[in-house]
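These exercises practise reading a protein model step by step. Try each task before going through its solution.

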Amino acid sequence: MPDLPGDLAATAASISPSQMDVTMHIPEEKCRSEKSVVEVQETAAAEFSSLSLDDPGLWTHLSSSLRDFLILHVKNFMLPKDNENRSFHPTHYSREIPNGDKVERPWLMYSKTQKAAYCFCCKLFQSNVPAILGSTGTKDWKNLARNLSCHEKAANHQRAFHRWKELEMRLRLKATIDDQHQEEIASVSLYRQNVLKRLIAIVRMLATQNLALCGTSDQLYVPNNGNLVKIVELMAEYDAVLQEHLRRVTTQEMYTHHYLVKTIQNEIIQLLKTKVKQKIVADLKSARYYSVILDCASDISHTE
């Protein structure tokens, strides 16, 4: 296990923790780099003008982000009179069921550019055989009542309506699959960063004291497993982060990437050594005069 030479160790001791920021590759599980729901909605809002929000005739190419944005922001569906002075009768906003009650039709929309009525949910969730109300819209005002009745009884419309309401509920609760995935990634990343910060601090302390890091084993809770692992075991008795980390390692929740093996210790040492050298070079360049004092340290094979 390589140790820092004496001159580097002395310089490391003079560097504050804030100066010892080290960039290190943290292995992560493969995941989708999807944007959060808020970022997606902001992007969709920029793509859609205020005019097209109320006009389904202009919704030609709908991405999933635009669909989510429309579900959250399109609320009032208005059907004004056409050029022939035919108007949409308010009774079409609802239908009467056999027991006499009225059920609202929240999915009905009107396109000013196409002068046609559309189904909001069928427009967003089109099937392999899209309905007229979900594709080109209907302009048959004379037979509108019959067409609406047939449309809302169709299986494709009912599936689209359920998908609309389920997605709307998840979006409003901010509980989409992507959001949950992003939260899990952020939580794992923060956890690993906290573990690495403590391990880097331990390595830095051992290097400044010119103490060896590893022993004959790098396993937890065994004799002669080295100064670093022993200090980690000690800190875990008082530090919640390391305590949780050792629990995951000992219960085999983490088979890899637990950062206690020799390869990770060597990588941390090399990163710290590079940072110390950079600090020494910066001091030399900023000084007008300087002197050099050489010192040697023997490794485990008694080679200086």
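**Exercise 1. After a helix**

Which residue with a positive phi follows α6?

Solution. Helices and strands here are DSSP runs (helices H or I, at least four residues; strands E, at least two), numbered from the N terminus. Lysine 174 follows α6, and its phi is positive, near 50°. Most residues other than glycine have a negative phi.

This is a predicted model, in which local features need pLDDT of at least 70, side-chain atom pairs count only at pLDDT 80 or more, and totals for chains, interfaces and linings use all residues. Residues are numbered from 1 along each chain as its sequence is written, and side-chain values use heavy atoms, with hydrogens and water left out.

**Exercise 2. Elements and confidence**

List the elements of the protein in order, then find where the predictor's confidence is low.

Solution. Step 1: the protein has 10 helices and four strands. From the N terminus on, they run α-α-α-β-β-β-β-α-α-α-α-α-α-α.

Step 2: pLDDT is the predictor's confidence in each residue, from 0 to 100. Its average over the protein is 78, and 75% of the residues score at least 70. Among the elements, α8 has the highest mean, 94, and helix α1 (residues 6–14) the lowest, 47.

Step 3: pLDDT stays under 50 over residues 1–13 and again over residues 17–35. With contact meaning heavy atoms within 4.5 Å, the model has 32 contacts beyond four places in sequence for residues 1–13 and 42 for residues 17–35. Where pLDDT is low, the predicted coordinates should not be read in detail.

**Exercise 3. Length and buried side of α6**

Compare the expected span of α6 with its span in the model, then locate its buried residues.

Solution. Step 1: the expected span of a helix is 1.5 Å times one less than its number of residues. For the 18 residues of α6 (residues 155–172) this gives 26 Å, which agrees with the 26 Å between its end C-alpha atoms.

Step 2: buried means under 20% relative accessible area, exposed over 50%, and partly exposed in between (1.4 Å probe, protein chains only). In α6 the buried residues are His157, Ala160, Trp164, Leu167, Glu168 and Leu171. They lie on the same side of α6, because they cover an arc of only 105° around the axis. The arc is taken from the directions from the helix axis to the C-beta atoms.

Step 3: an α-helix has 3.6 residues a turn, so residues three or four places apart point the same way.

**Exercise 4. The same check on α9**

Which residues of α9 are buried, and what do they pack against?

Solution. Step 1: Leu242, His245, Leu246 and Val249 are buried in α9. Seen down the axis, the buried residues of α9 fall within an arc of 95°, so they line one face of the helix.

Step 2: the buried residues of α9 pack against α7 and α8.

**Exercise 5. The largest nonpolar core**

Identify the members with the most partners, the helices that contribute, and one member's contacts.

Solution. Step 1: a nonpolar core is a set of buried Ala, Val, Leu, Ile, Met, Phe, Trp, Tyr and Cys residues joined through side-chain atoms within 4.5 Å. The largest one has 24 residues, of which Leu199, Val203, Leu228, Val232, Leu260 and Ile268 touch the most other members.

Step 2: at least two residues of this core come from each of α7 (177–208), α8 (227–235), α9 (240–250) and α10 (262–286). The helix that gives the most is α7, with eight residues.

Step 3: neighbours within four places in sequence aside, valine 203 is in contact with Leu213, Leu228, Ile268, Ile269 and Leu272. Another core, of 23 residues, lies apart from the largest one; among its members are Trp59, Leu108, Tyr110 and Ala117.

Step 4: isoleucine 268 is in helix α10 and counts as buried because its relative accessible area is 4%. Isoleucine 200 is 68 residues from isoleucine 268 in sequence, yet their C-alpha atoms are 6.7 Å apart.

**Exercise 6. Three residues outside the helices**

Classify serine 217, asparagine 210 and histidine 302 as buried, partly exposed or exposed.

Solution. Step 1: serine 217 is in the loop between α7 and α8. Its relative accessibility is 18%, so serine 217 counts as buried. Beyond four places in sequence, serine 217 touches Val222, Asn224, Asn225, Gly226 and Lys262.

Step 2: asparagine 210 is in the loop between α7 and α8. At 42% relative accessibility, asparagine 210 is partly exposed.

Step 3: histidine 302 is in the segment after α10 and, at 71% relative accessibility, is exposed.
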